[in-house]
Amino acid sequence: MENSQIGVFLAYASRYGQALVDRRLYLPESWTKDRARCARASIPETVEFATKPKMARAMVEAALDTGVPCAYVLGDAVYGADSSLRRMLEAREQPYVLAVRGSHFMRRGEDRGFEETSPEELASEFEPDDWACHAAGEGAKGPRLYAALGRQKAASSIGFSSAASDRHPEKKPTT
């Protein structure tokens with residue numbers, strides 16, 4: 001793990017195929033603090049530490065700024081846990097489906113202020129027919145299926161879309 005290379009990738013996918021749009025090499029903070037090590041690896045002095053979600057946010061912003069058409073931004077729970085990524089997408093009114101862990105606390109606006117809730121509690125407030133199941137390709141354990149609220153329902157009810165994997169296509173979609 002110490003000497004492996006980890007990348008953050010931005011891909012564009014449609015029914016016609018996929019294409020890599022952007023990529024960045026993730027460097028742990030221990031690397032970016034060790035400027036001699038960076039010099040030996042030909043890493044420019046200007047490269048600073050950035051979390052994977054921060055890198056993804058910059059790549060998504062750049063792609064959207066250049067007009068890359070995008071129906072939804074998709075990401076796993078590493079990116080779903082990053083509130084600044086979600087806020088950026090919400091500010092741009094860009095629909096997204098970002099997975100969150102069941103233990104993740106979410107906040108939503110209420111008349112009394114903000115209220116914390118869990119993904120499970122939030123999902124229980126909707127009817128099964130409010131959800132749409134979408135395929136996200138083959139995973140190591142079979143098809144990756146995600147359940148998402150329709151855009152109108154999500155925007156009017158909770159302000160964002162959330163999703164989680166549903167490994168059993170015969171069941172109703174769940175979060």
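**Surroundings of D82 and the largest nonpolar core**

Beyond its neighbours within four places in sequence, D82 is in contact with P53 and R57. The model is predicted. D82 is placed in the loop that runs between α4 (77-80) and α5 (83-91). Its relative accessibility is 16%, and D82 therefore counts as buried, the cut-off being under 20%. A polar contact is also present here, in which the D82 side chain reaches the backbone nitrogen of L85 at 2.8 Å.

L85 also belongs to the largest nonpolar core, a set of 17 residues. Within this core, the residues that touch the most other members are V8, V60, Y79, L85, L89 and L98. At least two residues of the core are supplied by each of β1 (6-14), α3 (52-65), α5 and β4 (96-99). The largest share is that of α3, which provides 6 residues. In soluble globular proteins, nonpolar side chains tend to be buried together.

For Y79, contacts outside the neighbours within four places in sequence are made with V8, K52, P53, A56, L85 and L98. Among these partners, V8, L85 and L98 are listed with Y79 as core residues touching the most other members. P53 is in contact with Y79 and is likewise in contact with D82.

Turning to cysteines, C38 has a relative accessible area of 1% and is therefore buried. C70, with a relative accessible area of 31%, is partly exposed. The structure holds 0 disulfides.

Technical notes: Residues are numbered from 1 along each chain as its sequence is written. This is a predicted model: local features need pLDDT of at least 70, side-chain atom pairs count only at pLDDT 80 or more; totals for chains, interfaces and linings use all residues. Side-chain values use heavy atoms; hydrogens and water are left out. Helices (H or I, at least four residues) and strands (E, at least two) are DSSP runs, numbered from the N terminus. Buried means under 20% relative accessible area, exposed over 50%, partly exposed in between (1.4 Å probe, protein chains only). A polar contact is a pair of N or O atoms within 3.5 Å; within protein, one must be able to donate a hydrogen and the other to accept it, and residues adjacent in sequence count only if both atoms are side-chain atoms. Contact means heavy atoms within 4.5 Å. A nonpolar core is a set of buried Ala, Val, Leu, Ile, Met, Phe, Trp, Tyr and Cys residues joined through side-chain atoms within 4.5 Å. A disulfide is a pair of cysteine sulfur atoms within 2.5 Å.
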